[in-house]
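Here is my note on the model you sent round. Please read it with the structure open.

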Amino acid sequence: MAVDDAILETEGLSKEFRGFLAVKNVHLRIRRGTIHALIGPNGAGKTTCFNLLTKFLQPTAGRIRFEGRDITALRPAQVAKLGIVRSFQISAVFGHLTALENVRVALQRERGESFDFWRSHSVLRAYDGRARELLAAVGIEAMAEVPAAELAYGQKRALELATTIALEPALMLLDEPTAGMGREDVGRIAALIKQVAKGRTVLMVEHNLAVVADLSDTITVLARGEVLAEGDYAQISADPRVREAYLGSEEG
Amino acid sequence: MAVRSEPAAIRAATGTGNGLRHHQLGMALLAAALVFAPLVLYPVFLMKVLCFALFACAFNLLVGYVGLLSFGHAAFFGTAAYAAGHAAKVWGLPPELAVLFATACSAVLGLAFGWLAIRRQGIYFAMITLALAQMLYFFYLQAPFTGGEDGIQAIPRGRLFGLIDLANDLVMYWVVLAVFFAGFLLIYRTIHSPFGQVLKAIRENEPRAVSLGYDTDRYKLVAFTLSAALSGLAGGTKAIVFRLASLTDVHWTMSGEVVLMALVGGLGTVFGPIVGAAVVVSLQNYLAGLGHWVTIVQGLIFVACVLAFRRGIVGELARLVGKPL
Ligand SMILES: Nc1ncnc2c1ncn2[C@@H]1O[C@H](COP(=O)(O)OP(=O)(O)O)[C@@H](O)[C@H]1O
Ligand SMILES: [Mg+2]
């Protein structure tokens, strides 16, 4: 396998919270163009990993390389600008903005870091067409003018996904995209992830093993902050250590 | 994920951006009211309302649209009052340059305070702004150029552009009205600019804005500086109008008053701070005879107001008509 096959790589990534090691010496290698799942019992350190990769948290030790470039010292907004865009475990939308405006906030990023407070927001109308397309892609175009806070839970997650895709990220990090959803919504979001993953790389935390089995090319199992196993679904589900980790602590 | 068809009312209530005709209508009404107001009300009273209305609008830009609650905004208002007073009286600058200088001083101060404060969140942000403003208060208490307890008195109003004598209250009123509208429109534009859209996103969910690649600290700093500068515009104008800059202008109670005005009128509303300023200034005028009791009565009215109208006067009104005001 060629070296530049990896879009993101970590080396000895660790995070300590006041003496407690939440992430221990994690070596991750996310191959370009794949869907990579990060699974593990609650408290395993999955969200912390996401926070480290996107620099919302500073690692205690270890290095992160994206597209061959060391990004360990960058700030979160810089990481996002390079093309790593994350979603959050708790759905993150801009509540008082409409669905359309939510997506537009992402689209207007291409104007650069602009502090033009004297300009009318009518310049943003140029993005309306693209924003509606994205809302349509996730099936909520009818809600374009509705404040995000008033959307149903599944619609919020769909909106979050549309906002994330709007940035055309090279690497998407999705933290439990189907958590708390009804079965139809899960199916729909899974299909959506599969669809938007084309031409991109996705790293996702997911508890729904059916979704994991269906979507992921590679699975990394995390337990107590450490990588327990890695492989495809067949390998992982046959691994006795993985079964033990899941039985040993409550799956959630 | 069934797509439910939403009632038109929700759509109307959000009134997002496009057009906002009722805002234009509101502004036209406001302008008309302020043009004819001197026929029934004293210009001096009106000028006081306008200066504080601008101050409250500048404050609201920060708390209402970025979600940053500053407890130290008197620092910017008062600094500008001193700066304008000093420039007009000691340096003999014409009023427009004195106010411009005052605004610039507050902008620089805002940049410095903002830089120190914006890294903190919530109550810590409020406490740091309060602490910085208090330090500045004690500095002005000691500094020779502020005149200590006396303040800077008898500041000359001078001639605008060297031509128009501002000694006449009505003439002064038209100038203040123009300054107010310029400031108000700039704030309105800011709220409805692409930049303002990012500010609202930060207010709603800062981590999400960061994850989309926005360097939120820089946006907050620009907003803070802008708010400080406009507070300075209000403070500098006030010093020229009342020919006085004093410790009252930098005191923490002044910071409290602007919070009160924004709250009473409605945080995060376009017209709320103006209504709030009018209410608070009127109350102070009517209650002036009560001496020290003013603060207590004002406090009681404030509590009643907040209990009765949680969103402030204009905020509640906006809910009634189903449009953002
Ligand atoms: N900011 C923090 N401060 C202290 N401990 C934390 C912090 N964030 C996470 N932890 C701890 O780190 C461990 C891993 O948490 P997390 O990464 O959220 O797990 P997961 O997402 O796999 O469920 C947990 O024990 C959690 O309590
Ligand atoms: Mg988690």
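The points below go from the whole chain to one strand and two residues.

1. Status. This is a predicted model. Please keep that in mind throughout.

2. Overall fold. Chain A holds nine helices and eleven strands. Its C-alpha trace spans about 60 × 40 × 40 Å along the principal axes. The radius of gyration is 19 Å; a compact globule of 252 residues would have one near 18 Å, so the two agree.

3. Packing. Of the 252 residues in chain A, 57% are buried. Take the contacts with a separation of 6 or more: 66% of them join residues 24 or more positions apart.

4. Surface and charge. About 10600 Å² of chain A is exposed, and carbon and sulfur atoms supply 51% of that. There are 31 positive and 32 negative charges. Their mean positions lie 4 Å apart.

5. Strand β4(A). Why is β4 of chain A, residues 35–39, described as largely enclosed by the rest of the structure? Five of its five residues are buried, and buried means under 20% relative accessible area, so the description follows. Both faces are covered. I35(A), A37(A) and I39(A) are buried on one side. H36(A) and L38(A) are buried on the other.

6. Partners of β4(A). Which way does β9 run relative to β4(A)? The two strands run parallel, joined by four bridges. β9 covers residues 201–205 of chain A. Here A37(A) stands opposite M204(A). β4(A) also pairs with β10, residues 218–223, in the parallel sense over four bridges. In that pairing, T218(A) of β10(A) is the bridge partner of H36(A).

7. V212(A). This residue sits in helix α7, residues 209–215 of chain A. V212(A) has a relative accessible area of 1%, which means that it is buried. What does V212(A) touch, leaving aside neighbours within four places in sequence? Its contacts are A37(A), I39(A), E206(A), I219(A) and Y233(A). I39(A) is 173 residues away along the chain, yet the C-alpha atoms of V212(A) and I39(A) are separated by 8.6 Å. A37(A) and I39(A) are on one side of β4(A).

8. T178(A). Look next at the loop between β8 (171–175) and α6 (183–196) of chain A, where T178(A) is found. Is T178(A) buried or exposed? T178(A) is buried, because its relative accessible area is 5%. Beyond neighbours within four places in sequence, T178(A) is in contact with V186(A), I189(A), E206(A) and N208(A). E206(A) is also among the contacts of V212(A).

How values were computed. Residues numbered from 1 in each chain as written. Chains lettered and ligands numbered in written order. Predicted model: local features only at pLDDT ≥ 70, side-chain atom pairs only at ≥ 80, totals over all residues. Heavy atoms only, no water. Rg over C-alpha atoms; globule rule 2.2 N^0.38 Å. Buried < 20%, exposed > 50% of the residue type's maximum accessible area, 1.4 Å probe, protein only. Contact = heavy atoms within 4.5 Å. Areas by Shrake-Rupley, 256 points an atom, 1.4 Å probe, with all protein chains shown as cover. Lys, Arg positive; Asp, Glu negative; His and termini not counted. Charge placed at Lys NZ, Arg CZ, Asp CG, Glu CD. Pairing = 2+ DSSP bridges.
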